[in-house]
Amino acid sequence: MTPDRYAVVGNPIGHSLSPRIHALFAEQTGQHLVYEARLGRPEHFAEDVREWFREGLRGLNVTVPFKEEAFRLVDQHSRRAGRAGAVNTIWIEADGLLTGDNTDGAGFLRDLTQRLGFDPGGRAILILGAGGATRGLLEPLLGAAPARLVIANRTPEKARGLQQDFADLARGARLEASGLEDMPAGPYDLVINATAAGLGSGGLALPPALLGASGIAYDLVYGPAARRFLEWAGAQGAATVTDGLGMLVEQAAEAFAIWRGVRPETAPVLAAIRDTAGIG
Ligand code: ATR
């Protein structure tokens, strides 16, 4: 029997860890499938994706820079993809409709709660950045009922835009927005770097005392791109610093569960990926 085909599309895509992650999931759960990386063509994204599904592709993950375009391309989408305004997981329903979901936020929350043992309930959280990545985190984070959630962004108007868009989900939480220069003082229990910038020259300049003594610093990216933020957090005395590799594995597990109806164990896969990718 020919295996079911899956893929991830992005540009660039050469260093994507998704094929390895999904191969490990398939092996672990005994699922018969292949998963490959495909280079997306900016001018032809929608037509390429539709063609791939016509050719029999069963599911597609979408990464930078196509998540918003994927959101516009699908015939229908989940509620959480609607909130994020972005799609990272596509499949085709029996009626032929291309369907989109966004598993990034759920993957982030699962990594935070399961691996790091952090319950956002009643805590103070600071998110740096107000782009697509932040938009994807707000629904699950607010759903976990923090006491306070501050969005700080270089362009404060964008932070305020998100504050307005998500005000209806804030319930008891104080949802605030600011610029990077006038951030409300800490300490925060969790500081998330969701900007496209590292720290230092041309990057972020952060005030001291943002992190509480048992605080967690979480960079959504992984590898060298996360290094400066995590070093800064370590120097500030953060109890835990982590890059986004755990989130990457968790969002993949969520996609795999949607496609295959089985949820893989993520801890052994995260350990294997850290080893082979040489990402400490
Ligand atoms: P993503 O989908 O990864 O969130 P994005 O939508 O392009 O990407 O958003 C990038 C984020 O990084 C934005 O919050 C951006 O700030 P602006 O809204 O002011 O552009 C932030 N960012 C990028 N470069 C930055 C820098 N050098 N310093 C501070 N913030 C930066």
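Me: Angles under 35 degrees count as roughly parallel, over 145 as roughly antiparallel, 65 to 115 as roughly perpendicular and the rest as oblique. Why are α1 and α9 called oblique to each other?

Reply: Their axes (lines fitted to C-alpha atoms over the stretch in contact, with angles from 0 to 180 degrees between N-to-C directions) cross at roughly 50°. That value falls in none of the named ranges, so α1 and α9 are oblique. The axes come within 10 Å. This is a predicted model, where local features need pLDDT of at least 70, side-chain atom pairs need 80 or more, and totals for chains, interfaces and linings use all residues. Residues are numbered from 1 along each chain, and side-chain values use heavy atoms, without hydrogens or water.

Me: What makes α1 and α9 helices, and where does α1 lie?

Reply: Each is a DSSP run of H or I, at least four residues long, numbered from the N terminus (strands are runs of E, at least two). Helix α1 covers residues 18–29.

Me: Which residues of α1 and α9 meet?

Reply: Contact means heavy atoms within 4.5 Å. In α1, Ile-21, His-22, Phe-25, Ala-26 and Thr-29 take part. Their partners in α9 include Leu-248, Phe-256 and Trp-259. By class, this contact has nine nonpolar, two polar and no charged residues. Here Ala, Val, Leu, Ile, Met, Phe, Trp, Tyr, Cys and Pro are nonpolar, Asp, Glu, Lys and Arg charged, and the others, Gly among them, polar.

Me: Why is α5 also called oblique to α9?

Reply: Helix α5 (residues 104–115) packs on α9 (residues 245–260) at about 120°, with axes 7 Å apart. That angle makes α5 oblique to α9. The contact of α5 with α9 has three nonpolar, three polar and six charged residues. Among them are Asp-104 and Arg-110 in α5, and Glu-250 in α9.

Me: How do you know that Thr-155 has a polar contact with the ligand?

Reply: A polar contact is a pair of N or O atoms within 3.5 Å. A side-chain N or O atom of Thr-155 is 2.5 Å from a ligand oxygen, so the pair qualifies. Lys-158 qualifies too, with a polar side-chain atom 2.8 Å from a ligand oxygen. A backbone N or O atom of Ala-130 lies 2.9 Å from a ligand oxygen.

Me: What makes Pro-12 and Arg-171 worth a look?

Reply: Most residues other than glycine have a negative phi, and most peptide bonds are trans. A cis bond joins Asn-11 and Pro-12, with omega about 5°. Pro-12 sits in the loop between β1 (4–10) and α1. Arg-171 is not a glycine, but its phi is positive, about 45°. Its loop runs between α7 (156–165) and β9 (174–178).

Terms used
Polar contact = N/O pair within 3.5 Å; in protein donor to acceptor, adjacent residues only side chain to side chain.
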